[in-house]
Amino acid sequence: MSSRGDIHKVIRKARRRGWVILGVAANSASHHVLEWKDGTRITASASPSDNRSARNFMADMKRVERNCP
């Protein structure tokens, strides 16, 4: 599976976990923007060049979820 496909899988998991998908970043169409319940936003590349990007994105989400009150 491509990194792009992996990112899309992580985004589907994020939606099930309670993240709100805001769409793409205002300054480019190549980044997805997600928002957590406390208003924290994270971005992910829509077409990553690094094969670890999906794992790093998932780790960012878990970090935000863990620090939420």
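Leaving aside neighbours within four places in sequence, which residues is His32 in contact with? I will come back to that after a short overview. What you have in front of you is a predicted model.

The secondary structure comes to 2 helices and 3 strands. Read from the N terminus, the elements run α-β-β-β-α. The protein has 69 residues, and 33% of them count as buried. It exposes about 4600 Å², with carbon and sulfur atoms supplying 48% of that area. Take the contacts between residues at least 6 apart in sequence: 38% of them join residues at least 24 apart.

Now the opening question. His32 is found in strand E2. Neighbours within four places in sequence are left aside here, and the contacts of His32 are then Ile7, His8, Ile11, Gly23, Val24, Ile42, Thr43, Ala44, Ser45 and Ala46. Is His32 buried or exposed? His32 counts as buried, because its relative accessibility is 14% and the cut-off for buried is under 20%.

Next, the strand pair. E2 and E3 run antiparallel, and 5 bridges join them. One of the facing positions is His31, which stands opposite Ser45 in E3. The two strands form a hairpin with 5 residues between them. In the turn, Gly39 has a positive phi of about 95°.

Strand E3 has two faces, and the side chains alternate between them. Ile42 and Ala44 point to one face and are buried. Arg41, Thr43 and Ser45 point to the other face and are not buried.

Ile42 takes us to the core. The largest nonpolar core has 14 residues, and those touching the most other members are Val10, Trp19, Leu34, Ile42, Phe57 and Met61. Which elements give two or more residues to this core? They are H1, E3 and helix H2, the last of these spanning 53-66. H2 supplies the largest share, 5 residues.

Leu34 is one of the core residues just named. With residues up to four places away in sequence not counted, Leu34 touches Ile11, Ala14, Trp19, Val20, Ile21, Thr40, Arg41, Ile42, Phe57 and Met61.

Trp19 is on that list, and it also belongs to an aromatic pair. The count for the model is 1 aromatic pair. The ring centres of Trp19 and Trp36 are 4.9 Å apart with the planes at 45°, so the pair is tilted. Where do the two residues sit? Trp19 is in the loop between helix H1 (3-17) and strand E1 (20-24). Trp36 is in the loop between strand E2 (31-35) and strand E3 (41-45). The pair links distant parts of the chain, 17 residues apart. Trp19 is buried at a relative accessible area of 3%, and Trp36 counts as buried at 9%.

Last topic, charged pairs. Side chains of opposite charge can pair when their charged atoms come close. How many salt bridges does the count come to? The count is 4 salt bridges, and I will go through some of them.

Start with Glu65 and Arg17, whose side chains meet in a salt bridge at 2.6 Å, N to O. Glu65 lies in helix H2 and Arg17 in helix H1, so this pair ties together parts that are 48 residues apart in sequence. Glu65 counts as buried at 19% relative accessibility, while Arg17 counts as partly exposed at 33%.

Asp60 forms a salt bridge with Arg63, with the closest N and O atoms 2.8 Å apart. Both residues are in helix H2 and lie 3 residues apart, which means they are separated by about one helical turn. Asp60 is partly exposed, at a relative accessible area of 30%, and Arg63 counts as partly exposed at 39%.

Asp50 forms a salt bridge with Arg52, and here the closest N and O atoms are 3.3 Å apart. Asp50 counts as partly exposed at 27% relative accessibility, and so does Arg52 at 46%.

To recap: the order of elements is α-β-β-β-α, E2 and E3 form a hairpin, the largest nonpolar core holds 14 residues, and helix H2 is tied to helix H1 through Glu65 and Arg17. As for His32, it sits in strand E2 and counts as buried.

Key:
Residues numbered from 1 in each chain as written. Predicted model: local features only at pLDDT ≥ 70, side-chain atom pairs only at ≥ 80, totals over all residues. Heavy atoms only, no water. Phe/Tyr/Trp six-rings, centres within 6.5 Å; stacked < 30°, edge-to-face > 60°. Helix = DSSP H or I, 4+ residues; strand = E, 2+ residues; numbered from the N terminus. Buried < 20%, exposed > 50% of the residue type's maximum accessible area, 1.4 Å probe, protein only. Contact = heavy atoms within 4.5 Å. Core = buried A, V, L, I, M, F, W, Y, C linked by side-chain atoms within 4.5 Å. Pairing = 2+ DSSP bridges. Areas by Shrake-Rupley, 256 points an atom, 1.4 Å probe, with all protein chains shown as cover.
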